[in-house]
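Colleague: Could you take me through one buried spot in this model and then work outwards from there? I'd like the cut-offs as you go, please.

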Amino acid sequence: MKQLFISWLPFTRRSASMQPYFGYELEFISFAFKNRFFRPLEYLLKGWKTLMLFLHQHPQVIWAQLPPTPILYLAYLYKVLFNRQVILIADCHNATFRPPWIKLPGIVALLNRCHFVLVHNNWVEKQVLELGVNQERLYVLETRPALIDCNKVSCHSNFPHPWIMSPCSFNRDEPIDMILAAARLVPEITFVLTGNANRAQGIHDLSQKPANVHLVGFLPKTEFDSLLCTTDAVLGLTTLDGIQLSVANEAVGAGKPMVISNTNLLKTLFYQGAIYVDSLDPQSIAQGCQDALAKKDELTKKVIQLQEARNQRWLTQASQLDKILTQ
């Protein structure tokens, strides 16, 4: 079947890691205005390009990464007007089910018109059922460990060891101020934060970052992978329960020790190879980073074991979905 996966982001590891298995064509529609005032115009332009892709490629299966949820309006419009047989799959990241996205008119109804509504863990599944999404539409497909072979990556960095990589989206649930405060407590450790720091405007204050924190911006995949394969450990924090942390799956895929939030979900999904910390306590974060560096070899072995176990678990889930999809 001709399958098309649409994402309105520059890159997402989850969709890239699933592509070899499901065989869809992956399209990232990534242009964005710096000023959020122009966001409605940005969505109109992305919407037009998305609709043109549907009309030119005539997919039999459309995978839509949510949020932003307006992609779902377009996918359903295409289905109604041009191909009523097309299969719609909504791949829903956690933010799909929080304001503002879940508050847009008719979103729950549209989700119930999809063939599959994919959620990333059982915790979110319960939340989605309470919102009114039908059980028969829901399918739990966890995030596959990133497909990264560090032996094939050109590894280099300009940062002195020990250093810790922290991929950021600069969303509200990321305790950036706590990371900066923790970095001040351990000046011997270098912290490298990736991601578009412009997104922090109005949310996080980066003006007082310590000298051992480096903001390197949003990186192309090759440069990101190079840093990921070179770092001593990976730091991923959230203040929300139910967040799976894509950075943790990237760390597992690269075989890197993790310092992650001590939420029940993260301790369940990433049950070894990690140091768990209180996201709102700089001392806990700093101590966790020191512990991860001190236990680097031990944690690395456990992460590799976790990688094998989680990949096998994902393949089982994916094969069950694929059987239903190809019936």
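Modeller: Leu 193 has 0% relative accessibility, so it counts as buried (under 20% relative accessible area; over 50% is exposed, in between is partly exposed, with a 1.4 Å probe and protein chains only). Bear in mind that this is a predicted model: local features need pLDDT of at least 70, side-chain atom pairs count only at pLDDT 80 or more, and totals for chains, interfaces and linings use all residues. Residues are numbered from 1 along each chain as its sequence is written, and side-chain values use heavy atoms, with hydrogens and water left out.

Leu 193 lies in strand 8 (strands are DSSP E runs of at least two residues, helices are H or I runs of at least four, both numbered from the N terminus). Setting aside residues up to four places away in sequence, Leu 193 touches Ser 166, Cys 168, Ile 179, Val 213, His 214, Leu 215, Val 216 and Gly 217 (contact means heavy atoms within 4.5 Å). Met 165 sits 28 residues away along the chain, yet its C-alpha is 6.1 Å from that of Leu 193.

One of those partners, Ile 179, takes us to helix 6, where it is among the buried residues. The others buried there are Ile 176, Met 178, Leu 180, Ala 181, Ala 182 and Ala 183. With 7 of its 10 residues buried, helix 6 (residues 176–185) is largely enclosed by the rest of the structure. The cover over those buried residues includes strand 7 (163–167), strand 8 (190–194), strand 9 (213–217), strand 10 (233–236) and helix 10 (282–294).

How do helix 6 and helix 10 cross? Their axes come within 8 Å, at an angle of roughly 60 degrees (axes are lines fitted to C-alpha atoms, for helices over the stretch in contact, and angles run from 0 to 180 degrees between N-to-C directions). The two are therefore oblique to each other (under 35 degrees is roughly parallel, over 145 roughly antiparallel, 65 to 115 roughly perpendicular, and the rest oblique). The crossing of helix 6 and helix 10 is right-handed (near helix turned clockwise from the far one by less than a right angle; anticlockwise would be left-handed). Helix 6 brings Met 178, Ala 181, Ala 182 and Leu 185 to the contact, and helix 10 brings Pro 282, Gln 283, Ile 285 and Ala 286. By class, that contact has 7 nonpolar residues, 1 polar and no charged ones (Ala, Val, Leu, Ile, Met, Phe, Trp, Tyr, Cys and Pro are nonpolar, Asp, Glu, Lys and Arg charged, and the others, Gly among them, polar).

Helix 11 gives you two more pairs to set beside that one. Helix 8 (residues 246–254) packs against helix 11 at about 105 degrees, with the axes 8 Å apart, and the two are therefore roughly perpendicular. Asn 249, Ala 251, Val 252, Gly 253 and Ala 254 of helix 8 meet Val 303, Leu 306, Gln 307 and Arg 310 of helix 11. That contact divides into 5 nonpolar, 3 polar and 1 charged residues. Ahead of helix 8, Leu 245 is in the loop that follows strand 10. Leu 245 has a positive phi of about 65 degrees without being a glycine, and at 12% relative accessible area it is buried.

The other pair is helix 1 (residues 13–22) with helix 11 (residues 296–325): the axes come within 11 Å and cross at roughly 55 degrees. That makes them oblique, and their crossing is right-handed. Met 18, Tyr 21 and Phe 22 of helix 1 make the contact with Trp 314, Leu 315, Ala 318, Ser 319, Leu 321 and Asp 322 of helix 11. There the split is 7 nonpolar, 1 polar and 1 charged.

Back in the loops, a couple of backbone details deserve a look. His 161 and Pro 162 are joined by a cis peptide bond, with omega about 0 degrees, and Pro 162 is in the loop between strand 6 (138–140) and strand 7. Pro 99 to Pro 100 is also cis, with omega near 5 degrees; Pro 100 is found in the loop between strand 4 (87–92) and helix 4 (107–111).
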